[in-house]
Amino acid sequence: MGGRVDSATSAMTMMNPDLRSSILVKTLRRESTDRVPVWFMRQAGRSLPEYREIRGVDSILKVLTKPDLAAEITLQPVRRYGVDAAILYSDIMAPLANLDIGVDIRAGVGPVVEEPFRSIRDVKRLRPLDPSVDLAAMASAVELCVDELAVPLIGFCGGPFTIASYLIEGRPSRSHATVKKLMLEEPNVFHELADRLVDMAIATLTVQVTHGASVVQIFDSWIGTLSPWMFRELARPHLQRLAYESVQLGVPVIYFGVETAGLLKDLVELGFPALGLDWRVDLASIATRFGSKVALQGNLDPSILLAPTTQVLSATEQILAASSQAPSYVFNLGHGVLPETNPETLAAIVNLVHERGANLRGASEL
């Protein structure tokens with residue numbers, strides 16, 4: 001693993017100097033900037049008419065085998081909105097697609113696993129990634145994006161608990177009862193699986209950074225379903241390793257979980273440089289508590305984007321006002337763009353953040 005990290009770090013030294021000094025990278029490194037950067041989770045894809053025109057009827061895992069198509073979808077929102085970053089069009093389950101473990105992403109359902117993981121024998125079906133084969137299409141897509149972009153490309157992976165949840169439950173779950181039961185009854189099975197998933201996450205991020213990603217984000221959507229005790233005893237050790245090894249890649253790392261209000265102090269202490277926030281927390285209070293320790297990102301409720309534009313912009317201004325307590329802040333949503341969102345609403349938000357965000361940073365430096 002050390003070789004992969006070393007090669008990624010070397011790749012960082014060759015990054016376009018303009019991207020090293022980009023507004024997003026500087027903010028995530030907690031350096032002084034003249035305005036607030038903005039991008040949106042799930043900005044590429046379902047809400048864009050140009051996406052629907054080229055997407056076709058294949059499953060997303062099939063689309064991701066076509067680097068030129070994945071790259072084009074990645075670039076579409078940058079062209080339309082003028083956001084300060086692109087995020088790779090992919091899926092947290094994509095690295096598992098070539099491992100012959102029966103993973104699919106079913107329309108209207110989400111990730112499904114033919115034979116859910118319930119034992120050490122199941123865990124042993126999860127072989128290590130061969131990046132040159134298993135992640136070849138992803139690497140090509142990253143390179144195609146970077147060749148076209150004047151803003152940073154964000155790569156990403158899934159957090160170990162979230163991926164483990166899908167593998168153990170076999171599909172999305174409301175209660176996550178099966179994974180929690182296994183964690184408590186057979187912690188050795190969970191730890192072995194989580195160890196392998198951290199290895200997979202680092203391999204995925206390393207490929208993305210080596211091929212040109214300037215920032216990476218870890219999506220851990222279901223981590224907030226754990227009690228503080230279960231988090232600390234069973235999940236935190238794996239996130240600590242992921243934090244340490246991902247930071248060695250030499251690019252800013254954002255950690256994002258959902259419903260993590262009760263875990264924020266623990267998450268800040270993990271060592272990730274930046275923390276994404278969902279819409280269930282008060283940004284101003286979080287900024288006051290933790291803004292001196294990590295860069296913050298978020299946390300506009302995606303559902304608000306379905307309201308009239310005047311109300312959306314009012315909510316955006318409230319988020320910006322709350323963010324003034326944070327020395328380093330990236331405007332984003334508290335989760336991904338909903339499919340029914342009007343693209344013009346997102347464009348209006350970007351314009352407002354670029355205008356008001358400049359005033360905010362300028363005022364904070366007086």
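Glu245 and Arg241 sit four residues apart in helix H13, about one turn of the helix. Helices here (H or I, at least four residues) and strands (E, at least two) are DSSP runs, numbered from the N terminus. The side chains of these two meet in a salt bridge, 3.2 Å from N to O; the term means a side-chain nitrogen of Lys or Arg within 4 Å of a carboxyl oxygen of Asp or Glu. Glu245 counts as buried, at 14% relative accessibility, while Arg241 is partly exposed at 23%. For those labels, buried is under 20% relative accessible area, exposed is over 50%, and partly exposed is in between (1.4 Å probe, protein chains only).

A word on the ground rules. This is a predicted model, where local features need pLDDT of at least 70 and side-chain atom pairs count only at pLDDT 80 or more, while totals for chains, interfaces and linings use all residues. Residues are numbered from 1 along each chain as its sequence is written, and side-chain values use heavy atoms, with hydrogens and water left out.

**Salt bridges**

The structure holds 18 salt bridges. Here are three of them:

| Pair | N to O distance |
|---|---|
| Arg80 and Glu50 | 2.9 Å |
| Glu245 and Arg241 | 3.2 Å |
| Glu259 and Arg280 | 4.0 Å |

The Glu259 and Arg280 pair ties together parts that are 21 residues apart in sequence, because Glu259 lies in the loop between E6 and helix H14 (264–268) and Arg280 in the loop between strand E7 (274–276) and helix H15 (283–290). Glu259 is partly exposed at 47% relative accessibility, and Arg280 is partly exposed too, at 41%. Arg280 has another partner: its charged end sits over the ring of Trp279, 4.1 Å from the ring centre. To qualify, NZ of Lys or CZ of Arg must be within 6 Å of the ring centre and within 35 degrees of the ring normal.

As for Arg80 and Glu50, that salt bridge links distant parts of the chain. Arg80 is in helix H6 (residues 67–81) and Glu50 in helix H4 (residues 49–55), 30 residues apart. Arg80 is partly exposed, with a relative accessible area of 31%. Salt bridges also join Glu50, Arg80 and Glu344 into a network.

**Aromatic pairs**

Six aromatic pairs turn up. Rings of Phe, Tyr and Trp (its six-membered ring) pair if their centres lie within 6.5 Å; planes under 30 degrees apart count as stacked, over 60 as edge-to-face and the rest as tilted. Tyr166 and Trp222 are edge-to-face, 6.4 Å centre to centre with 75 degrees between the planes. Their pairing spans 56 residues, from Tyr166 in helix H10 (residues 160–169) to Trp222 in the loop between strand E5 (215–220) and helix H13 (228–247). Tyr166 is buried at 9% relative accessibility, whereas Trp222 is partly exposed at 26%.

Phe219 and Phe256 also meet edge-to-face, at 6.2 Å and 80 degrees. Phe219 is in strand E5 and Phe256 in strand E6 (residues 253–257), 37 residues apart, and both are buried. With Phe156, these two make a cluster linked by ring pairs.

**The core**

A nonpolar core is a set of buried Ala, Val, Leu, Ile, Met, Phe, Trp, Tyr and Cys residues joined through side-chain atoms within 4.5 Å. The largest one has 130 residues, and Phe40, Leu96, Leu167, Leu296 and Phe331 touch the most other members. Helix H12 (residues 187–210) supplies the largest share of this core, 13 residues. Setting aside residues up to four places away in sequence, Leu96 touches Ile101, Val103, Leu126, Ile163, Leu167 and Met200, where contact means heavy atoms within 4.5 Å.
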